[in-house]
Amino acid sequence: MRIGAISLGCDKNRVDSEKMLARLSSGGHIIVSDASEADILIVNTCAFIDKAKEESIDEILWAISEKNDGAVKHVIVCGCLAQRYADDLKAEFPEVDAILGVGNYDEILGAIERISKGERVTATACKDLFFEKRVLTTPYHYAYLKIADGCDNHCTYCAIPSIRGKYRSESIDNLLSEAKILSDDGVKELILVAQDVTRYGVDFDGKPHLTELVRKLEELDLEWIRLLYLEPEMVDDEIIEFIANEPKIVKYMDIPFQHIDSGVLKRMNRHTDEQSTRELVKKVKAAGITLRTTFICGFPGESEEAHRLLCEFVREGNLDFAGFFAYSREEGTPADRLGGHIDEAEKERRENELCEIQQEVISKRNARLKGSVVKVIYDGIDYDRQAFIGRAAFQAPDIDGVVYFTSDSEVRIGEFYEVEIVGAEGVDLLGRVI
């Protein structure tokens, strides 16, 4: 059959979708990009926060409308929303033919065979085995490698442990096999992702094995290895030195601090405080590493004083990039039962204020980059701008802005170029190949 797929949410979910597409291709199905050509529409959902759930529901409703109009025959819903709300989805959307959880992609071929016979399928038992093949949804020259699933941190605001289960690391041999295929197919930037990459391998024998994994990945024909989502309490001097000195590791760390106020961090069940966070920032910046982070604003009990402290922390300018999220109340989490919930308008005001401060920080940093020369990987073309699109080592895909650049000579997607920065536009940089 011809199958169209919509993947929502994080890059870990993207990897799940890519492996699902590879399973479908290996089973003889044809993957199409145009929904009008599909016999089956698959929506791989996210359920992390309210906005993600709303987006997932919107896409499910759209897929159902396509089925009702006769454009497609079947609709399959999978991923986090399916795992968390399988019974609700089954009851509220009878038009959905199959509901598969986050660990049931191995059953996708069997599910299609069953729904083709008129059955309705629900499976959320998390039985997936390792599957190394992928159909990349990124440009061919970079890819994400999910090194673990689940989480044991139990932050009070987060539903991930109840959706994805306990932290489970993939074996080094399996990851090397998967990465070798990606490298042989032309991937030059490998981005390691997990809910917490710093704990990779702890479930093997009680100690982390991230550096061991990365050193073996460095033996492959890769140019850049990027690490995303390092929990702050696990980032020690050894990890900082490792990232600063290993030749293929991008000098970039995404460390989700979530707040700076010690009281708020305690209520979040984060294992850090203001002092340890400030000390970690100093160490990372002293090592010459780009620092990206995320913050939750409007958490239950966050006082105006705590918000002001966070604003000042961001204004200090030591954070190269930061994302801000208004607290999303998730049923079943400990934070849902806390007192001191803040109304939506005030949470939005605090989020907007923090975004404005960070924009000022980035503008000042970008101004300092004018005249510098940076190594850029060429990702694509913006035809409206008549410019090429690339990223420097300090820019992760989709979240940190890009470098729009021009060149007097031919350039090729996936290749690296030395680009002189001539200006900036918002979070993005402007440059030309030298």
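I began with helix H14 (residues 344-369) in this predicted model. I found that H14 lies across strand E13 (290-297) and E14, and that H14 runs at about 170° to E14.

I then looked up the sheet to which these strands belong. I recorded an open sheet of 6 strands with parallel pairing, in the order E7-E10-E11-E12-E13-E14. Its edge strands are E7 (142-146) and E14 (321-326), each of which pairs on one side only. I noted an average twist of 20° from one strand to the next.

At the E7 edge, I noted 5 bridges joining E7 to the parallel strand E10 (residues 189-193). I followed one bridge and found Val193 in E10 as the partner of Lys146. Helix H7 (residues 172-184) lies across E7 and E10 and runs at about 170° to E7.

I next examined Ser169, which is found in strand E9 (residues 168-169). I classed Ser169 as buried because its relative accessible area of 13% is under 20%. The Ser169 side chain makes a polar contact with the side chain of Asp203, at 2.5 Å. A polar atom of the Ser169 side chain also lies 2.8 Å from the backbone nitrogen of Gly201. Beyond its neighbours within four places in sequence, I listed contacts of Ser169 that include Ile147, Ala148, Arg199 and Phe204.

Finally, I traced a closed barrel of 5 strands, E15-E16-E17-E19-E18, with mixed pairing. Direction ignored, its neighbouring strands are turned by 50° against each other on average. Within the barrel, I found E17 (residues 403-406) and E19 (residues 428-433) running parallel and joined by 4 bridges. Leu429 in E19 is the bridge partner of Val403.

Definitions and conventions: Residues numbered from 1 in each chain as written. Predicted model: local features only at pLDDT ≥ 70, side-chain atom pairs only at ≥ 80, totals over all residues. Heavy atoms only, no water. Helix = DSSP H or I, 4+ residues; strand = E, 2+ residues; numbered from the N terminus. Buried < 20%, exposed > 50% of the residue type's maximum accessible area, 1.4 Å probe, protein only. Polar contact = N/O pair within 3.5 Å; in protein donor to acceptor, adjacent residues only side chain to side chain. Contact = heavy atoms within 4.5 Å. Pairing = 2+ DSSP bridges. Axes fitted to C-alpha atoms, helices over the stretch in contact; angles between N-to-C directions.
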